Amino acid sequence: MADTPAMYEQHRSKEEILSGFTTVEQLEADTAKLRELACAACAETWADRSAGQTPHCRFGEEGICCRICSMGPCRVTKKAARGICGADEHAIAGRHYLRMAAAGSAAHSDHAREIAYVLRQASPTGSFPIRDEEKLLSLAAEWGIPAAGRDIYDVAHEVAEAGLNEFGKPFGTQRFLSRATRERQALWEKEGLAPRAIDREVSASLHMTHMGNTAEPEPLVRQSLRVGLADGYGGSMISTFFSDILFGTPTARASEANLGVLEAEMVNLIVHGHDPVFSEMVVLAAEEKEMADHAKSLGAKGINVVGLCCTANEVAMRHGVRMAGNFLQQENVILTGAAEAVCVDVQCIFPALGPLAGCFHTKFITSSPVARIPGSIYMPFEPDTALEQARAIVKLAVENFVNRDPAKVFIPSHKQPAAVGYPTEQIIRELDGVTNSHVDERGSYMPAIDSIKAGVLRGAVAMVGCNNPKVRPDYSHIEIMKTLIRSDILIVATGCAAQAAAKAGLLSKDAKYMCGAGLRRVCELVGIPPVLHMGACVDISRMMLLVNEIANDWGVDVTRLPIVGCAPEWMSEKAVAIANYVVATGIDTYLGIEPQVKGSAEMMRLITEGTRKITGAGYIINTDPHALVQAMIDGIEQKRALLGI
Amino acid sequence: MRLLFDRIFQGADEMLALAEQALAAAVAEIGESAPVNMPNTAYFLANHSAYLKKNIRTIGDLNAAFPEVKRWHQREQRLENVFNTGFATFMAAEVIEACKYAVSADPYNGEYHGHLSDAEVRELGVPLVTGDIPGFVVIIGPAPSDEEAAELIKGYQSRAIFVFLIGGVIDQAKRMGVATGFPVRVVAVGPDIWQTAHIISFVNRAAMIFGAVTPGDREGFDHYTFHRIRAFVNAFDPVADIVAACGAGAIAMGFPVVTNDEKDMWPVPKSLIIQPASEDFIETSLEARDIRIKITKIDIPVAYSTAFEGEIVRRHDMQLDIDGSRVDCCELVTTKQPHEIEDHEITLIGPDFEEFEQGSRVCLCYVAEVAGKTMQADFEPVFERRIHDFVNRAEGVMHTGQRDNLRIRVSKDAFAAGFRARHIGEILYAAIKSDYESVVDKCAIKIYTRPEDCREIRALAQAVYEKRDERLAALTDESVDVFYDCILCQSFSPAHVCVVTPERLGLCGAVSWLDAKAANELDPNGACHKVTKERVVDEHLGIWEDVNETVKEASHGNLEQVTLYSIMVDPMTSCGCFECICGIEPLSNGVVIVHREHTGMTPLGMTFSEMASMTGGGVQTPGFMGHGKQFISSRKFMRGEGGPARIVWMPKALKEMVSAKLNAAAKELYGLEDFSALIADESVTEDVETLMEYLAEKEHPVLGMEPLM
């Protein structure tokens, strides 16, 4: 008998599908409704505080206010061209810039170190067993750690120690640099950019910027690149790989995104932050039958664990846990009045959540000594008893359900389906699906490369970064992504950019209908959405692997590829570290928020043009998202022309 | 290296220039008012119709549309433009071909097939949905050698892939003696690349006929061809720019192109595949279009494929003529107890083929004995009716008829290759076991070739046939508890659903109530499902609430209500592959019925194709209805409007096919003798005035009936 009819997709009209996507205006209307609720509860949100902070201090914004020693603060004005020590605007802006990069690198890397310690303690009977042995063994082989005939946990512990040594080793450079193309490695070596121990690069950055040290901007910019690389090919990559070993390498799975994932009749438990170690346990504990029964006994229909920020990205791509939103959505979740508990780990957590939770029944739980916040219940995470602790948190949330005030509940209905979980391994698997066994090799990026060479795809963009009230939140992300996919440019996304895409429906497979014919055809044949979710911001390390491997398969260096990066709404110091390692990798980076160096013409020149002479790439800055995306498209076409394609 | 998109744009320029010349020449030669008509189609120039939503009737229309065709060709380096340019190329190709057909009704003089008729599109409906034709290939060539061309064509044929040939490969096939023609599923379309317009027209008409895609709905056409038409292209080196431009259109439709040309060629996954080893084209192509061929491994010395179903063995090519009309022949499926038979035992009783003289007429009977825990006697005729297809698929073996009026011709070539009586057994065994594996645990075949045995077996078989016919006659819509729906065609016509009853078989003619019952029992999750008929709304028109619920669900909400016995009130829909189309003739208050094979005019002023285009694709059109041939003599045919007495005109050939049963029905329903003689045909008239005179002269009962509208 022939194919059964069920295998055929029913034809829905394109108009019908397109009308189903969530617009920025709808997102904003939901936020506006929630702000009304906030007023009623006498709470404030970032929008109120942002208004209070505007206009921002010009000296701070332009990076020419120096607070490094107690002779100051000093600021550069027309009348006073130098600080007390004689540092000019270039030195002040350059030092500030490097300190941001160092702080960002420190944050990602310290997160990685936590995970490395967990891996060091992994045991088959404890809270943290090994879930991806294959990845562990391949990493052991890569690092020359013997595995044959050994207990897998012995291998894991040795790999963890080797990873921990990357932070403080006295000699040599980062192990993962070897994953870059040969040209890149040679260039880093030649330019003195190859990062040594991660902690050393952070320390050296702080040292260089100490009072009375480097005042010349170019070395500061070079060190920014180097400390950035210590993050991208050090901390972040260690974090990503160790997380995969512990929790499993993500695979493509279905999820949903936006506030509509909160359930009116269930216990809503929100995990928020960046480090998946604790949230993994919370997800597991919430799945236990006893917990669900307990919730039912208290009148709830069950337990609904959802994520916020990058913790959401981590658990979504490993468990399909649904995503309530990105950075500037964190207060909205509590404002729904339906959040029984918000459990946070590290990074990007508003201190505002403490007082805000106090206006509702929400329990606000902090778990890391790195992120202690007033108004929270502090339950410091212990790897040995992690599951027990997680159960206690779930129980707290469940028992808080009865305290919910129905009069305060408003859950906006918008949500969108999202296909998440496309690490490099999954992308290769998807691409294998369109190879032809009679002519093609499997396990490479050639299908994507061929599509780009032929012109079906024009190129690719890595969309990353945060939300920032300086621009219309999510608008830049979504507008840029829509324009790119309409122009046959494939997107890989992480962090808050990925979540913005998810809220707008751009991670759904139906988003192919928003694409140009080329990207749409690729989506149809491969069976992927046009925006590939690669994970949390720490997973930009996966993007670095992706571009280096594509460059290797293509046979050209990274900087020649028609691939660029974009952070249209960035705000954190981590973003500065990321931007630096992306540029160091040879990828042009398009920014929608100006780095705080504008007071120094020399620094502006260095970060946009100066780095080009060193790494082949630089920043292109434009606060107008439409102009920014056009610049990206032009940049990609220019790279194509240089390749003769 | 030249960019792929630039090559395509260049190729489109060439095709558009040729079209412009052809148009100018046609305007000069026959003038703007000259009609443009492709033969036997109700869809005008289907490509113009599909993409431009324009019904082209004259050279002037064609000329007026041409600037719009040109606008589809834009040059920005985006796939969107490349796809549109591909369609512009197809429309330009259609312009060239349409001008030819405007000047001459038969421009190819039989040498090439050229335009494909609507009937040919409809004929492929059933084999496509059943998977008997797993896909189409368009071969554009010449191949590197004549031998390779023949091997490629035969390779596809043996996998039942429908083959279209364009260009030099046609002469290669000719030189190698490869038979071509629609029935053998190898169509020599034409010598030049612009004849691809006919293939694209064929595909676009399939979308309109089966998919109810409306002209101008670009998204609808793309979706239909991408998801439902399993076609692909093999283009031999050198691929000129103009061929690349056509390839762009093919890829836009979802049809991958496989080529051995490596110069200035850019691979695109699953779309444009460079396979330097052209001997691997078949496997590469099937994988590219996700076509999995069901392999029925049969131990016979000749090729076996549905592609050979249409093959004819002529008298002078014939080794043996097994002729049931002159000598005792029969075929029978019978149920046995498992212990009574040995699986795969094939027994020949009597002399084998080599013992008969070449060209001689011989008797032959075969009995397939089947056993299985869930086997039912009701499945026997279902299996038995498939024997025609099973045997016919062997290369060089032609099977016609059924039961004891079967006829099998074995060609000299097949005989020379070693085909013997036992191989008929091998075919039956393999086909029954593979198609009915869920009920047939064991199967054995007995073949008889001695006249005295054949006489005895035939008599035995006749008794079985008679009993079965009695059972069939007793099967009425009232006597059964359930009907069946059939959504087999939804792979092709997503909004259509058939309701199959004992007195109303599926409109394709291929699914009777017993077939549907068997299909449901063989695979409850398959295409046929039980439909209860407990909550009657109107028994006369044939309306049941339960039936409506099923129809609504199975048509994905497309239909709310159907009547089973009326053509005027919510008639049952069609997929498009119906055997006959019935349409009302307002003057006489009667109906005209035409079968697919009839290409002539009817008194409605419409051909089969034109009438057929009124319905199909799951759309309800009161006054028009597609149905199976056998339904004509059913007591339920148009019962709501008074029954078969409404029939005023049928083609002679169709009348001959159904007259015996129709006359019996008319006798029973109206007490009329020889009713079919009252029905006009093309030998009487093709116009309505003469038809009225004829009906009056014959005192046709329709004249005394209520008005239809």
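This report walks through a predicted two-chain model, from overall confidence and build down to a few helices and backbone oddities.

Some housekeeping: residues are numbered from 1 along each chain as its sequence is written, and chains are lettered from A and ligands numbered from 1 in the order in which they are written. Because the model is predicted, local features need pLDDT of at least 70 and side-chain atom pairs count only at pLDDT 80 or more, while totals for chains, interfaces and linings use all residues.

**Confidence**

The model scores ipTM 0.94 and pTM 0.88. Mean pLDDT (the predictor's confidence in each residue, from 0 to 100) is 92 for chain B, where 100% of residues reach 70 or more. For chain A the mean is 96, and 98% of residues reach 70 or more. The weak spot in chain A is residues 1–9, where pLDDT is below 50; beyond near neighbours in sequence, that stretch has 18 contacts in the model. Where pLDDT is low, the predicted coordinates should not be read in detail.

**The two chains**

Helices (H or I, at least four residues) and strands (E, at least two) are DSSP runs, numbered from the N terminus. Chain A comes to 25 helices and 16 strands. Its radius of gyration is 24 Å, close to the 26 Å that the globule rule gives for 645 residues, so chain A is as compact as a globular protein of that length. Chain B has 21 helices and 23 strands. Its radius of gyration is 27 Å, close to the 27 Å from the globule rule for 709 residues, so chain B too is as compact as a globular protein of that length. That radius is taken over C-alpha atoms, and the rule is 2.2 Å times the number of residues to the power 0.38.

A residue counts as buried if 20 or more other C-beta atoms lie within 10 Å of its own, exposed if 12 or fewer, and partly exposed in between, with C-beta atoms placed from the backbone. By that yardstick, buried residues make up 57% of chain A and 55% of chain B. Two residues are in contact if those C-beta atoms lie within 7 Å. Among contacts in chain A between residues at least 6 apart in sequence, 75% join residues at least 24 apart; for chain B, residues 24 or more positions apart account for 73% of the contacts with a separation of 6 or more.

**Where they meet**

On the chain B side, 35 residues are in contact with 29 residues of chain A. Elements giving two or more residues to that side of chain B include α1, α4 and α12 (281–288). By class, the side has 16 nonpolar, 11 polar and 8 charged residues. Here Ala, Val, Leu, Ile, Met, Phe, Trp, Tyr, Cys and Pro count as nonpolar, Asp, Glu, Lys and Arg as charged, and the others, Gly among them, as polar.

**Three helices of chain B**

The expected span is 1.5 Å times one less than the number of residues.

| Helix | Residues | Expected span | End-to-end C-alpha distance |
|---|---|---|---|
| α3(B) | 59–71 | 18 Å | 19 Å |
| α9(B) | 196–211 | 22 Å | 22 Å |
| α16(B) | 451–474 | 34 Å | 34 Å |

α3(B) bends by about 35° at Ala65(B), with Pro67(B) following within four residues; the bend is the angle between axes fitted to the seven residues ending there and the seven starting there. Ile59(B), Leu62(B) and Val69(B) are buried in α3(B), and the cover over its buried residues includes α1 (4–30) and α4 (79–103) of chain B.

α9(B) is mostly covered, with 16 of its 16 residues buried. Right after α9(B) comes Ala212(B), whose phi is positive, near 50°.

In α16(B), Cys454(B), Ile457(B), Arg458(B) and Ala461(B) are buried. What covers the buried residues of α16(B) includes strands β8, β11 and β14 of chain B.

**Backbone oddities**

Most residues other than glycine have a negative phi, and most peptide bonds are trans. Asn258(A) is not a glycine, yet has a positive phi of about 105°; Asn258(A) is buried, with 28 other C-beta atoms within 10 Å. Asn589(B) has a positive phi of about 65° and sits in the loop between β20 and β21 of chain B.

As for cis bonds, Gly72(A) to Pro73(A) has omega near 5°, and Asp237(B) to Pro238(B) has omega near 0°. Pro238(B) is in the loop between β4 and α11 of chain B.
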